[in-house]
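Visitor: I am new to this structure. Please take me to one part of its surface, and then show me what lies beyond it.

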Amino acid sequence: MKRKEREMLLITSVLVLWMQLSQVNGQQIMQIPQYQHVQEGEDFTTYCNSSTTLNNIQWYKQRPGGHPVFLITLVKSGEVKKQKRLTFQSGEAKKNSSLHITATQTTDVGTYFCAGHIRRKC
């Protein structure tokens with residue numbers, strides 16, 4: 001394989017998904033799938049599931065060697081928000097969420113992860 005072909009192969013492997021597993025007051029948030037490589041031009045979907053109802057769900061993106069960057073917050077059940085080729089959706093029970101990227105591009109390279117907020121009752 002020629003050097004230019006190797007470089008293009010590296011460029012087109014655009015997404016690596018990292019599993020975010022966190023605990024808040026004993027509740028877990030898990031992202032599925034754990035890792036996924038996607039070729040440029042393919043669609044991509046990942047899911048975030050919680051063991052309890054969340055007040056809101058946040059999505060973040062971290063580029064290789066960079067800091068996490070906030071993308072969006074979902075606060076309503078069944079909410080759908082779009083940012084260009086990215087579609088974010090929360091489940092009806094606010095225990096899950098999804099992120100879908102249409103026709104991935106090299107600018108989509110990064111780690112995508114979710115976080116949730118549980119408001120404690122006093």
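Which residues make the nonpolar surface patch of about 270 Å²?

Guide: Met30, Ile32 and Tyr47 make the patch. Before we look closer, note that this is a predicted model, in which local features need pLDDT of at least 70 and side-chain atom pairs count only at pLDDT 80 or more, while totals for chains, interfaces and linings use all residues. Residues are numbered from 1 along each chain as its sequence is written, and side-chain values use heavy atoms, with hydrogens and water left out.

What counts as a patch here? Patches are made of residues with over 30% relative accessible area and no salt bridge; like charges are joined within 9 Å, and nonpolar side chains (Val, Leu, Ile, Met, Phe, Trp, Tyr) within 5 Å. Areas come from the Shrake-Rupley method with a 1.4 Å probe, and for residues only the protein chains shown count as cover.

Start with Met30. This residue lies in strand S2, residues 27–32. Helices (H or I, at least four residues) and strands (E, at least two) are DSSP runs, numbered from the N terminus. Met30 is partly exposed, because its relative accessibility is 36%. The cut-offs are these: buried is under 20% relative accessible area, exposed is over 50%, and partly exposed is in between (1.4 Å probe, protein chains only).

Now step back to the whole protein. One helix and nine strands make up its secondary structure. From the N terminus on, the order is α-β-β-β-β-β-β-β-β-β. The protein exposes about 7600 Å². Carbon and sulfur atoms supply 53% of that area. Of the 122 residues, 33% count as buried. Sequence-distant pairs matter to the count of contacts (heavy atoms within 4.5 Å). Among contacts with a separation of 6 or more, 51% come from residues 24 or more positions apart.

Next, the sulfur link. The whole structure holds one disulfide, that is, a pair of cysteine sulfur atoms within 2.5 Å. Cys48 is joined to Cys114, with an S to S distance of 1.9 Å. Cys48 sits in strand S3 (residues 44–50) and Cys114 in strand S9, so the link ties together parts 66 residues apart in sequence. The torsion about the S-S bond is about 80 degrees, so this disulfide is right-handed. Both Cys48 and Cys114 are buried.

Strand S9 holds Gly116 as well. Gly116 counts as buried, because its relative accessibility is 18%. Its C-alpha atom is 9.8 Å from that of Lys94, a residue 22 places away along the chain.

Charged pairs come next. Side chains of opposite charge can pair when their charged atoms come close. Two salt bridges turn up in the whole structure; the term means a side-chain nitrogen of Lys or Arg within 4 Å of a carboxyl oxygen of Asp or Glu. One salt bridge pairs Arg85 with Asp108, at 2.9 Å from N to O. This pair links distant parts of the chain, 23 residues apart. Arg85 is in the loop between strand S6 (80–83) and strand S7 (86–90), and Asp108 is in the loop between strand S8 (96–101) and strand S9 (111–117). Arg85 is partly exposed at 21% relative accessibility, whereas Asp108 is buried at 4%.

The other salt bridge joins Lys81 and Glu79, at 3.6 Å from N to O. Lys81 is partly exposed at 30%. Glu79 is buried at 13%.

Glu79 also appears among the contacts of Ser90, when neighbours within four places in sequence are left aside. Others in that set include Ile57, Leu74 and Asn96. Ser90 is in strand S7. It is buried, because its relative accessibility is 4%. A polar atom of the Ser90 side chain lies 2.5 Å from the backbone oxygen of Lys76.

Finish with two loop residues. Lys84 is in the loop between S6 and S7. Lys84 is exposed, because its relative accessibility is 87%. Its phi is positive, about 55 degrees, although it is not a glycine. Ala103 is in the loop between S8 and S9. Ala103 also is not a glycine, and its phi is positive, near 50 degrees. Ala103 is partly exposed at 29% relative accessibility.

Note on methods
Polar contact = N/O pair within 3.5 Å; in protein donor to acceptor, adjacent residues only side chain to side chain.
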